[in-house]
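Student: Could you take one part of this predicted model and go through it closely with me, linking it to the parts around it as you go? I would like a careful, connected explanation rather than a list.

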Amino acid sequence: LGKLSKAEKINDASRKRFTYMHGMKNSVWSLLEEVIKSELKSESGAVYNVKLSLIDTGHFTKQAYQFINQCHNSNNWVFGIKGVPEQNYRRNTRDVAKVKKSVNVSNLYLLDVEQLKDELANNMKIRMSDDGSQESGFMNFPEPSKGKYTLKSFFKHYESEVRKEVMEKGVSVGFKWDKKNSSVENHFWDVRIYNNAAKYVFVDLIKRTNPSKYKDMSWEMLVDMIVGNN
């Protein structure tokens, strides 16, 4: 058949259509639940379970919350996430946590997206040490293969947004991240931001189990604790 154009792919009747509606054929939610409840095997053969999942509630919000509330339990932590809106830009003087549990909506975390984007951009600058060690935040990626993880299909997403300084009287008072243009794709950039946010959500949830014991818990401390227990 040859390579299909984007328009041909959209109109290809043989392609399976999925829906965000619950209880309908090819609903994405049942497939997502299978992934969340599945066992994942590492290259070493170790088996892992998915403990924490974050669902973007910015689109199909009603359907997303329905899934979150029916799937969240003590074995599978499933939370919604929502970016905190900014007034045109994020002020440098603003001092808030990267993630914060909503006090009004159950199973929802609010994200300081601009701050998380700054963190991701800084992580992208980290280089491996001469001895091969990696400092916290170093980014690892799979080798490109079978059309995946290529510059065009994956890494271009990490170049999709630009940080803009907001100046007042010659002094930087804030910043904002904007897409370079309306057509550029930034899905994998967004997903990586959500993955980084998941670390802070996980730490916050652990703190809540014993606030006095874990009040100073960080992601690095949590990893050391988990590895030590294994």
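**The second largest pocket and its surroundings**

Tutor: Sorted by class, the residues that line the second largest pocket are twelve nonpolar, eight polar and four charged. The volume of this pocket in the predicted model is about 880 Å³. Its lining is made up of 24 residues, and those closest to the centre of the pocket are N195, A198, K199, W219 and V223. If you ask which elements supply two or more residues to this lining, they are β2 (47-49), α4, α5 and α7 (219-229), and among these α7 gives the most, with seven residues.

Two of those names, α4 and α5, come back when we turn to the largest pocket, where α2 (28-36), β3 (52-56), β4 (77-83), α4 (113-123) and α5 (187-209) each provide at least two lining residues. Here α5 is the element that gives the most, with eight residues. The largest pocket holds about 1400 Å³ of space, and of the 38 residues that line it, I55, D56, I81, D190 and Y194 lie nearest its centre. By class, this lining consists of 22 nonpolar, eight polar and eight charged residues.

Let us now follow α4 away from the pockets, since this helix lies across β5, β8 and β9, running at about 85 degrees to β9. Those three strands form an open sheet with antiparallel pairing, in the order β5-β9-β8. Because β5 (90-91) and β8 (161-168) stand at the edges and have a single partner strand each, one side of each is left without a neighbour in the sheet. Between β8 and β9 (residues 171-179), which run antiparallel, there are eight bridges, and E168 has V171 in β9 as its bridge partner.

The other element to follow is α2, which we met in the lining of the largest pocket. This helix packs with α3 (residues 61-71) at an angle of about 35 degrees, the axes being 11 Å apart, and the crossing of α2 with α3 is right-handed. Where the helices touch, W29, L32, E33 and I36 of α2 meet Q63, A64, F67 and C71 of α3, and the residues of this contact divide into six nonpolar, one polar and one charged.

Conventions:
Residues numbered from 1 in each chain as written. Predicted model: local features only at pLDDT ≥ 70, side-chain atom pairs only at ≥ 80, totals over all residues. Heavy atoms only, no water. 1 Å grid on protein atoms, 1.4 Å probe; cavity = no way out; pocket = protein on both sides within 12 Å on 5 of 7 lines; lining within 4 Å. Points joined across faces, edges and corners; volume = space filled by probe spheres on them. Helix = DSSP H or I, 4+ residues; strand = E, 2+ residues; numbered from the N terminus. Nonpolar A, V, L, I, M, F, W, Y, C, P; charged D, E, K, R; others polar. Pairing = 2+ DSSP bridges. Contact = heavy atoms within 4.5 Å. Axes fitted to C-alpha atoms, helices over the stretch in contact; angles between N-to-C directions. Left-handed = near helix turned anticlockwise from the far one by under 90°.
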